[in-house]
Amino acid sequence: MVRVNFTTAKGDKVAAEGDRGESLLTVAQVAGMPLEGTCEGQMACSTCHVVVAPEWFGKLEAASEDEEDMLDLAAGVQGTSRLACQITLDESLDGLEVAIPAHVHNVQR
């Protein structure tokens, strides 16, 4: 299992775990984070925008040009913003820290 630590927009800490090979989006949704993932991980929306802690950002594979284009559509993008659907968990990400941006709302809930 790979541990992930979320910080909500209100500053609450939520610990979660996911299997190796699982997407961060799936782990976030199971943990109750308000990430909609409208396109179901097809990188056709930006509703799973998260901000990765700077100390973890460099451990991720680089974002593709398509992901960068989708992030251009997200509100509140920061230098370490990523789409959770594009982050695949592995052992090197055990303890990953990500924040849920304040503007994120899951309208499907």
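Reply: Ala, Val, Leu, Ile, Met, Phe, Trp, Tyr, Cys and Pro count as nonpolar, Asp, Glu, Lys and Arg as charged, and the others, Gly among them, as polar. Keep that sorting in mind for the pocket. One more thing up front: this is a predicted model.

Me: Okay, then how many residues of each kind make up the lining of the largest pocket?

Reply: The lining splits into 6 nonpolar, 4 polar and 5 charged residues. The space inside the largest pocket comes to about 220 Å³. Its lining has 15 residues, and the closest to the centre are Leu60, Glu61, Gln86, Ile87 and Thr88.

Me: Next, the sheet. In what order do the strands stand?

Reply: Read across the open sheet and the 5 strands go S2-S1-S5-S3-S4, with mixed pairing. The twist from one strand to the next averages 35°.

Me: Which strands stand at the edges?

Reply: Those are S2 (13-18) and S4 (81-83). Each has a single partner strand, so one side of each has no neighbour in the sheet.

Me: Let's zoom in on S1. In which sense does S1 pair with S5, and how does S1 run relative to S2?

Reply: With S5 (residues 96-99), S1 (residues 2-7) pairs in the parallel sense, over 4 bridges. You can pick out residue partners there: Val4 has Leu96 as its bridge partner, and Phe6 stands opposite Val98. On the S2 side, S1 and S2 run antiparallel and are joined by 6 bridges. There, Thr7 stands opposite Lys13.

Me: What do S1 and S2 form together?

Reply: A hairpin, with 5 residues between the two strands. Look for Gly11 in the turn, where phi is positive, at about 95°.

Me: How do I read the two faces of a strand?

Reply: The general idea is that side chains in a regular strand alternate between the two faces of the sheet. Now try S1: Val2, Val4 and Phe6 make up its covered face, while Arg3, Asn5 and Thr7 are on the uncovered one.

Me: Now charges. How many salt bridges does the structure hold?

Reply: There are 3. To call one, you want a side-chain nitrogen of Lys or Arg within 4 Å of a carboxyl oxygen of Asp or Glu. Arg3 and Asp94 fit, at 2.7 Å from N to O. That pair links distant parts of the chain, since Arg3 is in strand S1 and Asp94 in the loop between S4 and S5, 91 residues apart.

Me: And the other two?

Reply: Glu91 meets Arg20 at 2.9 Å, N to O. Glu91 is in the loop between S4 and S5, and Arg20 in the loop between S2 and helix H1 (24-30), 71 residues apart. Then there's Glu67 with Arg82, whose closest N and O atoms are 2.8 Å apart. Glu67 lies in helix H3 (residues 65-71) and Arg82 in strand S4, so this pair ties together parts 15 residues apart in sequence.

Me: Are Glu67 and Arg82 buried or exposed?

Reply: Use the cut-offs: buried means under 20% relative accessible area, exposed means over 50%, and partly exposed is in between. Glu67 has 2%, so Glu67 is buried. Arg82 has 4%, so Arg82 is buried too.

Me: Where do the residues of the other pairs fall?

Reply: Glu91 is exposed at 56%, and Arg20 is exposed at 57%. As for the remaining pair, Arg3 has 44% and counts as partly exposed, and Asp94, with 28%, is partly exposed as well.

Notes:
Residues are numbered from 1 along each chain as its sequence is written. This is a predicted model: local features need pLDDT of at least 70, side-chain atom pairs count only at pLDDT 80 or more; totals for chains, interfaces and linings use all residues. Side-chain values use heavy atoms; hydrogens and water are left out. On a 1 Å grid over the protein atoms alone, a cavity is a set of points where a 1.4 Å probe fits but cannot get out, and a pocket is an open set with protein on both sides within 12 Å along at least five of seven lines; lining residues have an atom within 4 Å of a point. Grid points are joined across faces, edges and corners, and a volume is the space filled by probe spheres set on the points. Two strands pair if DSSP finds at least two bridges between them. Axes are lines fitted to C-alpha atoms, for helices over the stretch in contact, and angles run from 0 to 180 degrees between N-to-C directions. Buried means under 20% relative accessible area, exposed over 50%, partly exposed in between (1.4 Å probe, protein chains only).
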